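User: I am a first-year student, and I would like a close look at a single part of this protein. Please take one sheet, with the helices and the core beside it, and walk me through it slowly.

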Amino acid sequence: MERISKKSKSKIPYHEIFIEQAPTAIAMLDMDMCYLATSNCWIKDYGLQGIELIGRSHYEIFPEINEDSKQLHKECIDKAIDVFDEIPFKFKDGTVQWLSCNIHPWYISKGKVGGLFIHTVDITPNKEDELKKVRTEDIFSKTKQIAKIGTWEVNLATNKVFWSKMTRKIHEVEESYKPNLEDGINFYEEKHSRQKLQSCVQDAIEKGTSFDLELEFFTAKQNHRWVRVIGKPEMSDDGYSSRIFGIMQDISDAKSSKFELDQAHAQLRAIYNSESTAIFSTDSTGTINHFNKGAEILLGYSASEMEGKQNPMGFLLIDEVNKFRRDLALLYGKNPENFSHYKNLTNEDVNDTREWTYVRKDGSTLSVMGTVSAVKNKLGNNIGYIAVSTDISEIKQYQNELLAKNQLLTFAEQMTMMGHWQWSLSDNTCKWSKSLYTIAEMDEDIDPLFSTFFNMVHPEDQPLISERVSDALRDKEFDSCTVRLITTTGKVRSVHIAGVVITNTKGEPVELIGTTQDVTDIKMAEKKFRGLLESAPDAMVIINEEGTIQLINKQTETLFKYTPDEVIKESVETLIPNILPSIKAAKFSNHTRQIGIIDKLFAVRKNGQKIAVQISMAPVQWEEGLIISLAIRDITKQRSAERKILKAKENLETLAHKLTNQNRQLADFTHITSHNLRSPVSNLNSLLDIYRTTDDELLRASLFEKFETVINHLTLTLNTLVEALKTKNPHSEEDIKEIQFEKVLSKTKDVLAGEILKTGAIIKADFSKCSKIEYHKIYLDSIFLNLVSNAIKYKSKNRKPVIEIESIIQDGKIMLEFKDNGLGIDLEQHGHKLFGLNKVFHRHPDAKGVGLFLTKSQIEAMDGTIYATSKVNVGTTFTINFN
């Protein structure tokens, strides 16, 4: 496009004033990236005072702009895209400033880009904490091209049409083109512009009226234009028009500029009315004169409460205001004492961005990033200030979290002797963490380069580093390695280096980042470990969790006749077939000293000979993680001797088992007899105590009936035990009968009637899921009696005993649950001996430790199981699985 001349610029002073007075750094550039206009903030922020910018190339002013940025500008123009990015900008003095950069195209006409707007905001204070600030919206565009005017004429007598050179150029036709009136009119938009022009030409011919129209127009190359057509008829002596002549002006640029200006005003209104950005301004006395919707939402005040009535001191902290005034006074060389930026800064270009703390109407506070700029009149005098603020509370919270995480990272690096680094390939600069400086024993004031680190690497290991870097740049992956590092004090340290390659959108490497860990102590431990490995008396094989051999000792070479090169990185099953299932099934961790011993495997020598071996497995902490050591011992001769000993032992054990079984049966019978007689006798005593202490004759009569029931049960128990003593053989089919659970419980209640009355015990039963079972009757009576009497015996002193009995069918199996609310049992302390003989868990005078043992023995004799769940002072539940 043609650059705007000084003359054309004078026609758009309001646009220039708008851009020049914008509170942030803004530049407007053409298609060639040459300046059309800039804000005062742009000149101030980039130190361009006294330099003529208009018409000069952006790249000439800033030669340090890299090719990536230039390519980005080109894409914005070619593809008409907006870009929001954060970029580092390096000034000539070497200082680096981080900018939030908003780049978007402006348009000459619909769909046609005329250049770029670049809007930048200094975000350097926040960039260190990875903050990204969205600054103000797109600022507005304006442009106007130099007028293009051509002449035309229609001779009505000869019907000839004349177009000047500029008119032909506007129509985009060749010099040889011969126009006529009809063809000329057909260039105009059909629905509106053509009809309007035809009507005006007809009126000019018939009525002699002139016309001045703005019409839509399509050139011979189908390019859309807006043109201004002015026509005037020339009247003959007879009162008729003899010709019509006039001018044609291409006003496309002006139309486009007007459209874009209207759009810019709409954008300005949208920004001012934005609910996400708070904007307020003050007059020369400090009174608020504008308070937008975003400010209302942010602070909780309405515009009517603030405009013309309040000043910003109502929601600002006095300490921050005083600091703001003091900073401005020092910046502009004023005396800080009694300084007022309203009175003492009359025409300075004030533009200050900083963090503020706002106090809402409800008294709560929030952090904002605010830009305060002076508002000037036409004479350049300050007539007030405007503040644009954005809520950064969440960012501040993220900043604090990030700071905490950085502190944790630093602590973690110190604990692990690890540091991290970054290497930028574009400018060959590096950044090291504090821990990495410590590892290298280097002063933190030194800015490191890649060569700084490379020169510290041991000369013998430098080729390895060169190879790793070359491979990383080629393959985009960095393979970790361990090298020796010579510190600045001459110490040799072993360090492990791991890294990642960062690429740009084109897939080109732009940065390497990674960690360096001091593994000197680990390497020393590894050498000691290898020494211990060689001194072990057994063959030692070190494998990883997949079973791959990592290391062997000399004894392994002797036992298997393999060299290390033949077995390293091979599966351990090359030496010991079928060992992997045992290794994978083992449970181990960093705290496990030994996994176990496997002695039912055989090993295979290189010549194919099989040998019996005993293998001890244990975890070992290695540089690469947890691995497993196998101690292998040849037990071929030992296995032969063991077989002979085992044969003799089996014969002795058979005889001993028979004798032991007989002794155990006699001892069990003694305990069973004592226990099964104790409950009836105890109940007789309880009934007798009640009988002695009551005067109720009806109760005494009832007690006599219960005496009879208990005595009958005692007699039956004695007879049963006598019969059991006679036979003492495994139960037969005749002992198995169909038994109703309810009848067994009723009998148990009768036997324990005295204890139930004495304690007020409540027994609840639910046999709806299964009411009967085929079982050994004596066993089932004993199971009910033992579990119910135990629940009463070990009741809580704080509540009546409640016993709940329920039958269950699970997976086709019959189960019973006995649940009580008694003292409970500490299973962590006593669980392993819960069903043991003579094991007691409470200080009860009648506790003998026989009941649960007897119950478990009877259930297991019928191929069932019993287990308990319990909580101290809550109660116990016994679950019986009969099948």
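Analyst: What follows is a description of one sheet, moving from its edge to the helices and the core. The model is predicted, so local features are described where pLDDT is at least 70, side-chain atom pairs count only at pLDDT 80 or more, and totals for chains, interfaces and linings use all residues. Residues are numbered from 1 along each chain as its sequence is written, and side-chain values use heavy atoms, with hydrogens and water left out.

The part in question is an open sheet of five strands in the order E27-E29-E30-E32-E31, with mixed pairing. The labels come from DSSP runs, in which helices (H or I) have at least four residues and strands (E) at least two, numbered from the N terminus; two strands pair if DSSP finds at least two bridges between them. Strands E27 (762-766) and E31 stand at the edges, and because each has a single partner strand, one side of each is left without a neighbour in the sheet. From one strand to the next, the twist averages 15°.

Edge strand E31 covers residues 865-871 and contains lysine 871. This lysine 871 counts as exposed because its relative accessibility is 56%, where exposed means over 50% relative accessible area, buried means under 20%, and partly exposed lies in between (1.4 Å probe, protein chains only). Leaving aside neighbours within four places in sequence, lysine 871 is in contact (heavy atoms within 4.5 Å) with Leu823, Gly824 and Ile825. Of these, glycine 824 is 47 residues away in sequence, while the C-alpha to C-alpha distance between glycine 824 and lysine 871 is 5.3 Å. The partner of E31 is strand E32 (residues 875-881), which runs antiparallel to E31 and is joined to it by seven bridges; in this pairing, threonine 869 stands opposite threonine 877 in E32.

Helix H27 (residues 777-793) packs on the sheet, where it touches E27, E29, E30 and E32, and its direction makes about 25° with that of E30. Such angles run from 0 to 180 degrees between N-to-C directions, with axes being lines fitted to C-alpha atoms, for helices over the stretch in contact. Another helix, H25 (residues 741-751), lies across E27, strand E29 (802-810) and strand E30 (813-820), running at about 170° to E27. H27 also packs against helix H29, at an angle of about 150° and with the axes 9 Å apart. Residues that meet there include Tyr779, Ile783 and Leu787 in H27, and Leu852, Leu854 and Ile859 in H29.

These elements also share a core. In soluble globular proteins, nonpolar side chains tend to be buried together. A nonpolar core here is a set of buried Ala, Val, Leu, Ile, Met, Phe, Trp, Tyr and Cys residues joined through side-chain atoms within 4.5 Å; the largest has 38 residues, and those with the most contacts inside it are Phe741 and Tyr775. The elements giving two or more residues to this core are H25, strand E28 (772-776), H27, E29, E30, helix H29 (851-861), E31 and E32, and H27 gives the most, with nine residues. With neighbours within four places in sequence left aside, phenylalanine 741 is in contact with several residues, among them Phe767, Leu780, Phe784, Ile814, Leu816 and Phe882.
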